[in-house]
Each structure stands twice: as C-alpha cells, then as structure tokens.
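Dear colleague,

Please find below the sequence and structure that I am handing over to you. My notes on the strand pairing follow directly after them.

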Amino acid sequence: AGHEGAGKPYHFKGALFYRIIDRFIDQTGAGTDSAYGGFFEDDSGGLRLRHYRPGLLSMANVGPNTNGSHFSIVVAPAPHLDGHYTIFGEVTEGMDVVMRINALARGKPENTAGAEERVLVRDAGMLPW
C-alpha cells in the first residue's frame, strides 16, 4: 500500500527492522513517511486497546499525537504500553517469522539487535476489505 512522491516512500517495502528487543518488540518504519506526510493524532479507539498478547501492531511515537510511520510488532504482553501507543492491527499469518526475527536479539548486549541484522520487509500491501 502507499505511494511515493514526497521524498520518502509511503510503504514499508524494503524497510529495515531497526530495533529488535528480545521477548518485547520488533520495530520498523525508519526511512518511510506516514500517509499524512508527517505526524498524526492518536486514535482513541486504538489507545483503549490493550497490549495483552503477541502479534499486535502498535504505533511507535514520541508522545501524544506524534504517530508517524514507525510501528512495532509486540511479541509478548506489554501492559506498560497501554494508553500510550495506538494498536492498529495484528499479524494474521507468519507469527513464526516474527518470533524468528525477535530471536536475533537474544544474547546480544541488552538483548537488543538493530539494523545491523539486515532484516527487512520484503513486500508490503493492503489486505482486501
């Protein structure tokens, strides 16, 4: 999904997972832009949802109403994110791949891996409605 034209792609194809924290999150979105061309407001419905299980997609931000294109795939319950990070979807297939990505951080300093692992989104698109 998305398009290009304002200098940054509006899709995740080719985006690197730049922050992988063992048993917490796999995060990507760097080098892309939001569909709005910058930050956008929190979705109140998504903020009410709880980070209670693996596979949820959660917007990364730097404070209220600063959503952009960065997001995380949660790989374990993360109640400390509740009310701060908007949940906007879930993994429907390939959770085994998500967990293999997350395992790359295991045993690294602070159990964190980054872009040096060269894990990227091979393709991206929209699911049919």
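**Strand pairing around S1 and S2**

Ala-113 in strand S6 is the bridge partner of Ile-20. Please bear in mind that the model is a predicted one. S6 covers residues 112-114 and runs antiparallel to S1, to which three bridges join it.

S1 (residues 17-21) is also joined to strand S2 (residues 25-28), by four bridges, and this pair is likewise antiparallel. Here Ile-20 has Asp-26 of S2 opposite it. Ile-20 therefore has a partner in S6, namely Ala-113, and one in S2, namely Asp-26. The two strands S1 and S2 make up a hairpin, with three residues between them. Within that turn, Arg-23 shows a positive phi of about 60°.

S2 is in turn joined to strand S4 (residues 71-74) through four bridges, again in an antiparallel arrangement. In this pairing, Val-74 of S4 lies opposite Ile-25.

Which way do the residues of S2 point? Ile-25 and Gln-27 point one way, while Asp-26 and Thr-28 point the other way. In a regular strand, side chains alternate between the two faces of the sheet. Ile-25, Gln-27, Asp-26 and Thr-28 are all buried.

Kind regards

Definitions and conventions: Residues numbered from 1 in each chain as written. Predicted model: local features only at pLDDT ≥ 70, side-chain atom pairs only at ≥ 80, totals over all residues. Heavy atoms only, no water. Pairing = 2+ DSSP bridges. Buried < 20%, exposed > 50% of the residue type's maximum accessible area, 1.4 Å probe, protein only.
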